[in-house]
Structure formats: C-alpha cells, structure tokens
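Trainee: I should like to request a close look at a single part of this model, namely the surface that faces the nucleic acid. Please set it in the context of the rest of the protein.

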Amino acid sequence: MSRFFVTTAISYPNGRPHIGHAYEVIATDWLARFARADGRETFFLTGTDEHGLKIAQAARKADVPPKQFVDEMVLHFKAMCDRLDISQDRFIRTTDEDHKAVCQALWQKMEAAGDIYLDRYEGWYSVRDEAYYDADELVVADDGTKLAPTGTEVVWTVEESWFFRLSRFQEPLLRLYAEQPEFVQPTNRLNEMRAFVERGLKDLSISRTSFDWGVPVPGSPDHVMYVWMDALTNYLTPSGWPAAGWEAKWPADLHVIGKDVVRFHAIYWPAFLMSAGLPLPRKVFGHGFVLNRGAKMSKSLGNIVEPGALADTFGVDPLRYYLLRAIQFGQDGEWSHETIGRRINADLANDLGNLAQRTLSMIAKACEGRVPPDGPATDADHALLAGVSTMLEEARAAHADVRPDLALDAIWARVSAVNGYLNEMAPWALRKTDPARADIVLYHAAECVRQIALLVQPAMPGSAARLLDQLAVAPKDRSFAAFGKRLVPGTPLPAPQGVFPRWVEPADEPDV
RNA sequence: GGCGGGGUAGCUCAGCUGGUUAGAGCACAGGAUUCAUAACCCUGAGGCCGCGGGUUCAAGUCCCGCCCCCGCCA
C-alpha cells in the first residue's frame, strides 16, 4: 500500500503548549496511526519552530540566551507529546543542524533559479519592539511623534533585505489550485487562497538584519532567514534533500495546520518549492480552533488550561476521543468539562465500554473464560457482521478526507448496532433454553468488539490495546489486515475489566 | 468596504439538483429489561427551518430585500 507522510505545523515555543497544540497533534497522530495500522509506510513529523524575533525577545526577557531558552521550552512540547501518546517518527527542531543545512540548500537552489534578489525594505520600525508596523496601525502622540500600537516610537527605516520573487508564481499557483483543488482543504480555504492570489502577489522579504536569531543566509552573514522561510522548510528536512535518497521522504502527503497559517502553506510554501523545482505536498488541511466555552484561551481571561491537566482529569484517551469525535475537523469547536464528561459517559462508558464489559463478563461466567464456540449463523448474525465489516471502508474514506470525526461516527454506529443485537438476542435468556445458540451470539458480539477495538486504536491507542488484550488478540494481529481474521473459539481470555469508567463531575471543583 | 460561508429541536449538527406527517446524536420524560459501568433496548415530548416579500400546484430547499454571525482580503 502507499506511503503516508504527514506533518503538523511546528509549534512556536515562546510560551507553553495549550490545547490548540494538543488538538492538532492528536488529530495528526490519529491520521498517522491509522495509516500505520492500515499497512502504509508512514512518517509522522512534528516539532518546534525556534527562530525569530519573538523567541529572541522572550529569551531576553527571561534573561537567558535564545538557545537555552528554547532548549527549556521544547521540553514542555516534548512532554506534551509523551503525555498525549503521540507517535511522531521525528520531533524536529528548527535549531537542528541538519535543518539549517537544508534551509541553506533550499535558499541556494531558489537563488540559483533567479528567484532571490537583494533590495531594500522600508517601513515604520520600532527599535524597542524590533518590528515594522503598517502606517495605518500607527497612532500620533500629542507631541507629534508616531507610535506603534504597543506605544513605542517608530521611525522610518530602510533595511537591506533579500526578496523572493513571489510575484512570478501567481499563474503557477492558480494553475495548481485549478488542477488540484484538493490541494487546500476545507474547500472554503482554497477559495480564500485563490482570491488572495488573484489580487496579485508582491515579492516577499525573506531575510532580516535587525536581529541574528535565525538561520544565516548563505554568503550574506549579516542576514538571517525570515522565520517562515526557515519554518516551512522543516517539512523537507527529514528527507535529507538534496542528498541522495530524499525522494523516499518527499513530498509530504498532508500538512495538517491551523486555519490561521493556511496562507503560508498554500501560497508561500508551494512557491518556494516550485522555485527550487521540488515536488509539492499533496494536501494542506486547515483545521479550526478549539475554544473553551466559546472563548479563546488567554492569559487575561485566566482560562488557560494545559493539555496535560486535561489528560490528568479525563484520561488521555477520553481527551483524545473527545477532540477527535466532538469537533468536525475543519470547523471550530468548543469544549468544557461538562461536554467532555457527557461525551465520555455517553460514548465511552455507556456505549463501547459497557458493550465490551457485558459481552466479556457473560463469556467469563458462562463460557469458562474462553472464546465461545461459533456455530451456524442466522441472518441476524450475518447482518451484524456485514454491518460491522463496512466500518473499515467508511473509516478509510474518512481518513482520506481528513475527517476523524466521521470515522468515529461510523464506528459508533456499529457499537450501537451490537448493543441492539445483544438486547434482541438476549444470550442471558438463551443460556437457559439453548446454550449452544447463546455461545454463538456471544461469539458474534465478541468478534464485533474485536473489530471495533482494532479501528479504535488510532484514536485511543491505550484503551484499544486493553480491549484487545481482553480478547487475547496477539500483537501481530492488531493491524487492519486482521479484519480478515476471526476470534478463535476456545482461546482463554483474561478476567474482564472495565476500560472506560464513567465520568463524575467533582462536586467541589468549580467548572472551568 | 469587497469576496466567500452560515443562521433548522435546549446543545452540536444532517437535510443533493424544490415534492408525502422536517431528521440524527446528546440532554430530557416514560416504558421494557436485568447480561452489563444507575448502563443497554424501545417509545415520547420538543422546531413561525433568522425576518419580510415573491415565483410555483408545491419552498427549509429557488429569486429579491433586510437583520445577525463567521472567515479571507482591504
């Protein structure tokens, strides 16, 4: 089967990770785990974007060298990945040496193509902020001096800068959008990008001389690369380009990013790659934001919640499940303690958890703790299994569309069907009248739980593993290839244990 | 201001080219059941389908106007 190279955006570690970081990396982890389980050769890249003015400023504020600052901050991001059970194949840092080398190689390639030239950048500059501001952002003070929105004085400044001939790529980009409309998703984002490009593209300033925390521009020691130039290139770095063999890890199949950075990924990045003559990523997906009770988290609102704290409260897998299932991928979504708790109880404890528990405990009691014997199947049995077997294709389609929510919808439709099947067949009653038939019913229910657990793995790896353990499914039989197999009657099973406890809101804790 | 998307049950949302009593999940109420995590299963209640016009035998679905929300751009 095909290769799958998927990335998150790299996080800017000028502050600690928040739920937005967690959301993106969890969704991408689902995509990667799904592809791996489906037998695809998968590479999952995430990491941190460590250069640029804001990091330099934050480091100075903390009174430490920038590298020391990011070395410390990065630990929080890596810890988040560990805590959330993220399965990245590489955690890239833009301060990694191989990355700097690839950035410089890419720069030189673009320069050789004639797309990089030296010119001057002019604008209103605040020395205090080390930043340029647009004229319409400025405020005129009583004494006539011009002030930035931050209240610092700005002066008209001319700075030498390298520019990228983005203007050259208007037509190629429009052609890309026309020929490959799935390049940017959701579709409304593509439309926005097209509208933006149709208005005309200005050349892009891609170097700075006002600070030095960045990748040095080759042959131009006073300049460091513009952070986005540096950051976007991270996707190419693991391929080792331009060294031999890079084609094995480039192009990326999918960049999963926030809706706020679509422009950089859908315009600048492909233009850079076109300039360098490199293949383009196949798809860029801009997801929405996760809001706490409809409000963006901010320090001033005091509603910042660290992902690790949420994982502590609800459990890693329930948190992952909530974010993947409850929010249409691509749309904004909300969360609160009640909504997560409600979802956990309804879907995990009541539906799937209870299904597994009732099935396994009946087997434990009535079938000597072994997978019950199968036997002649009725139409209802066939219908049940046929329905469950459609899950895999539905989930694959959802994966291709980057819609974890839809994949989980499809799985849970089957969870419900199996609960209905058990109620209708009532194996607890059959046990007294027709024990052989009761065994067959339980066999079918357990087999369905096995298939469901297989497909749940990418969303909730730990919990799914516990379910599969309880069905005595060998580790080698946990890829999607195992959909073709069946539980083997007579296999001894461990004592069943609940996997998804109900969530009870702590009475004394205020709801955040 | 320009372009685009949207306003449908308490909440989150489905409703393709107009056509029987507008759907799902959650939450809520009742029933049934007792294998199971006060769970499962069944039933029910709950909608001027943003507002006002219009086209049509027929409009949530098309057209016009207005109000509100969101996104991109300026």
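Mentor: Let us begin with one contact. In this predicted model, a polar atom in the side chain of Arg 502 is placed 3.2 Å from a phosphate oxygen of RNA strand B. Two further side chains approach a sugar or linking oxygen of the strand. For Asn 354, an N or O atom of the side chain is 2.5 Å from such an oxygen. For Gln 328, the distance from a polar side-chain atom to such an oxygen is 3.2 Å. The elements that contribute two or more residues to the surface near RNA strand B are helix 6, helix 11 and helix 13.

Among these, helix 11 contributes the most to the surface near the strand, namely eleven residues. Around RNA strand B there are 25 residues, and those that come nearest are Glu 192, Arg 263, Asn 354, Lys 365 and Phe 500. Asn 354 thus appears both in this nearest group and in the polar contact with a sugar or linking oxygen. By residue class, the surface near the strand comprises seven nonpolar, ten polar and eight charged residues. On the RNA side, 72% of the atoms within 4 Å of the protein belong to sugar or phosphate, and the rest belong to bases.

Helix 11 leads to a second feature, an internal cavity. Rolling a probe the size of a water molecule over the atoms shows where empty space is left. Searching the whole structure yields one cavity of 30 Å³ or more, and the volume of the largest cavity is about 30 Å³. Its lining consists of Gly 353, Ala 356, Gln 357, Leu 360, Leu 467, Gln 470, Gln 497, Gly 498 and Val 499. Two elements supply two or more residues each to this lining: helix 11, spanning 337-366, and helix 16, spanning 461-470. Helix 11 again gives the most, here with four residues. The lining divides into four nonpolar and five polar residues, with no charged residue, whereas the surface near RNA strand B includes eight charged ones.

The helices that contribute to the RNA surface also adjoin some backbone features. Most residues other than glycine have a negative phi, and most peptide bonds are trans. Just before helix 6, a cis peptide bond joins Gln 185 and Pro 186, with omega about -5 degrees. Pro 186 belongs to the loop between strand 9 (184-185) and helix 6 (187-198). After helix 13, Ala 426 has a positive phi near 45 degrees. Ala 426 sits in the loop between helix 13 (404-425) and helix 14 (427-433). Ala 426 counts as buried because its relative accessibility is 15%, under the cut-off of 20%.

Two comparable features complete the account. A second cis peptide bond joins Trp 250 and Pro 251, where omega is about 10 degrees; Pro 251 is in the loop between helix 7 (227-232) and strand 14 (254-258). Asp 63 likewise has a positive phi, near 60 degrees, and is found in the loop between helix 2 (53-61) and helix 3 (66-83). With a relative accessibility of 69%, Asp 63 counts as exposed, since the cut-off for that class is over 50%.

Key
Residues numbered from 1 in each chain as written. Chains lettered and ligands numbered in written order. Predicted model: local features only at pLDDT ≥ 70, side-chain atom pairs only at ≥ 80, totals over all residues. Heavy atoms only, no water. 1 Å grid on protein atoms, 1.4 Å probe; cavity = no way out; pocket = protein on both sides within 12 Å on 5 of 7 lines; lining within 4 Å. Points joined across faces, edges and corners; volume = space filled by probe spheres on them. Nonpolar A, V, L, I, M, F, W, Y, C, P; charged D, E, K, R; others polar. Buried < 20%, exposed > 50% of the residue type's maximum accessible area, 1.4 Å probe, protein only. Near = heavy atom within 4 Å. Polar contact = N/O pair within 3.5 Å; in protein donor to acceptor, adjacent residues only side chain to side chain.
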